[in-house]
Structure formats: structure tokens, C-alpha cells
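Reader: I would like to learn how to read the features of a model like this one. Could you walk me through it?

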Amino acid sequence: TSLTGNPARRMTITSGGDIEVKTGDIKIEGSGKGIFLGGAAATNNLKHYKEGTWTPLIDGSTSVTGQTYSRQEGSYTRIGNMVTAWFCITLTAKGTVVGFLRVSGLPYVGTSTPYLKPATVAWSNMSMTAGHQLAAEQYAANPFMYLFEMDVSGAITQLTTSHINDNTVINGTLTYMV
């Protein structure tokens, strides 16, 4: 079956049910309309799709001053209530950080449940115990991730200013619900 109008813009529905759009956009407009995945219930409506950038910061749970960066990059994709955010931070001066270390500036505030959402992170030029790993978790209904040091048994300790240096690099990816 083929629906045609302008030959340069046509939509084809195949016998298998696939839809192919040759050129142009697909637009669904109107209140209560949308694309539904897995059923017609309101919770199955794919309401949001967005791509963008954000500016990640290393900060403290109490305060931060005097930081400078040579790199602060972040991008994200939001599909429905799921956000995947990528970031890379390179400090040139750590300044004064008071409290527990965080990566802040996430593009959306996370949900309150689950309480902690783990991120995948990599680092260099940090003062970490040999054999320990950097861990990060987005915390409840907030736009930030706390940074932790994890030992071989899986025990974690929250990081403080003594763990970062003037040339610390932290990058990672986080997928979380909003």
C-alpha cells in the first residue's frame, strides 16, 4: 500500500506493517496525540525527545570557589523519562572545595527513586588509594552526582578536596530517570 501526494514526499506502508518516509518530517499534533510504545495508555506516550549540551562542574556539598577548567563538556539525550548524559571535566585549578565532591550541572533533576543511580566514570590525576576505583552516583531528586572511592571489597568512601588536584580529569556517562 502506498499513500502518495507530492512524489518527492511519500509514505509507504508495506504489507508487513513497516512505515517508510522517503523525505520530509513526521508530525503528530494535537492534545492527547503522540507516539505510543507498548500500548495506548498515557504512560506509554513518548512525550519527550531532546538532545542538548550541559556544563559539568566539580563542586562541594557545602561550597566551592576559585576553580578553573581547560575542559568542561557535556551532552545528553532524553527519551521519555530517561536521560543519558556524557561529560568530561579537566581542572586547571581545583580552588577551594568544601564538603563532599560532586559533579553538578546535570541537565535534568533525577527522580527520588531509586535513591542512587550509578554512573560509569574514568579519571586521571587524582589522589586515590592504589587499587581503588572512582565511583559516581546521581543522588535522589538533585542535578548532581556524588563521587566515591571504592575499595576491592566494594566499600565506598565519599571523596573530598584532598582527592583532586589542579590537573584532575573526570569523564563518564550516566543514565537516569527524570
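Reader: Let me start with one residue: where is the place of Ser 104?

Author: Happy to begin there. This is a predicted model, so local features need pLDDT of at least 70, side-chain atom pairs count only at pLDDT 80 or more, and totals for chains, interfaces and linings use all residues. Residues are numbered from 1 along each chain as its sequence is written, and side-chain values use heavy atoms, with hydrogens and water left out. Strands (E, at least two residues) and helices (H or I, at least four) are DSSP runs, numbered from the N terminus. Ser 104 sits in strand S10.

Reader: Is Ser 104 buried or exposed?

Author: The general idea is a cut-off on relative accessible area: under 20% is buried, over 50% is exposed, and partly exposed lies in between (1.4 Å probe, protein chains only). Ser 104 has 8%, so this residue is buried.

Reader: Which residues is Ser 104 in contact with, leaving aside its neighbours within four places in sequence?

Author: Contact means heavy atoms within 4.5 Å. With those neighbours within four places left aside, Ser 104 is in contact with Trp 54, Thr 55, Pro 56, Leu 57, Asp 59, Pro 143 and Phe 144. With Asp 59 there is also a polar contact of 3.2 Å between the side chains. A polar contact is a pair of N or O atoms within 3.5 Å; within protein, one must be able to donate a hydrogen and the other to accept it, and residues adjacent in sequence count only if both atoms are side-chain atoms.

Reader: Asp 59 is charged, so to speak of salt bridges: how many does the count come to?

Author: Side chains of opposite charge can pair when their charged atoms come close. The rule for a salt bridge is a side-chain nitrogen of Lys or Arg within 4 Å of a carboxyl oxygen of Asp or Glu. By this rule there are two. In one of them, Arg 102 pairs with Asp 59, with the closest N and O atoms 3.0 Å apart. Arg 102 belongs to strand S10 and Asp 59 to strand S5 (residues 57-60), so this pair ties together parts that are 43 residues apart in sequence. Both Arg 102 and Asp 59 are buried.

Reader: And what are the side chains of Glu 73 and Arg 71 doing?

Author: They meet in a salt bridge, 2.8 Å from N to O. Glu 73 is partly exposed, with a relative accessible area of 36%, and Arg 71 is also partly exposed, at 33%.

Reader: Let us turn to the fold. What does the secondary structure of the chain come to?

Author: There are zero helices and 15 strands. Two strands pair if DSSP finds at least two bridges between them. Strand S7 (residues 68-79) pairs in the antiparallel sense with strand S4 (residues 49-53) over five bridges, and Gly 52 stands opposite Tyr 76 in S7. S7 also pairs, again antiparallel, with strand S8 (residues 82-93) over 11 bridges. There, Tyr 69 stands opposite Leu 91 in S8. The hairpin of S7 and S8 has two residues between the strands, and Gly 80 takes a positive phi near 65° in this hairpin.

Reader: Which residues have the most contacts inside the largest nonpolar core?

Author: A nonpolar core is a set of buried Ala, Val, Leu, Ile, Met, Phe, Trp, Tyr and Cys residues joined through side-chain atoms within 4.5 Å. The largest one has 27 residues, and those with the most contacts inside it are Ile 58, Phe 87, Leu 134, Met 145 and Leu 147. S8 gives the most to this core, with five residues. Beyond its neighbours within four places in sequence, Phe 87 is in contact with residues including Trp 54, Val 103, Val 121, Met 145 and Ile 170.

Reader: Finally, backbone oddities. Which peptide bond is cis?

Author: Most residues other than glycine have a negative phi, and most peptide bonds are trans. The bond from Thr 113 to Pro 114 is cis, with omega near -5°; Pro 114 lies in the loop between strand S10 (101-104) and strand S11 (116-126).

Reader: What is phi of Asn 125, and what of Ala 140?

Author: Asn 125 has a positive phi of about 60° although it is not a glycine. Asn 125 is found in strand S11 and is partly exposed, with a relative accessible area of 37%. Ala 140 has a positive phi near 45° and is placed in the loop between strand S12 (133-139) and strand S13 (144-150). At 8% relative accessibility, Ala 140 counts as buried.
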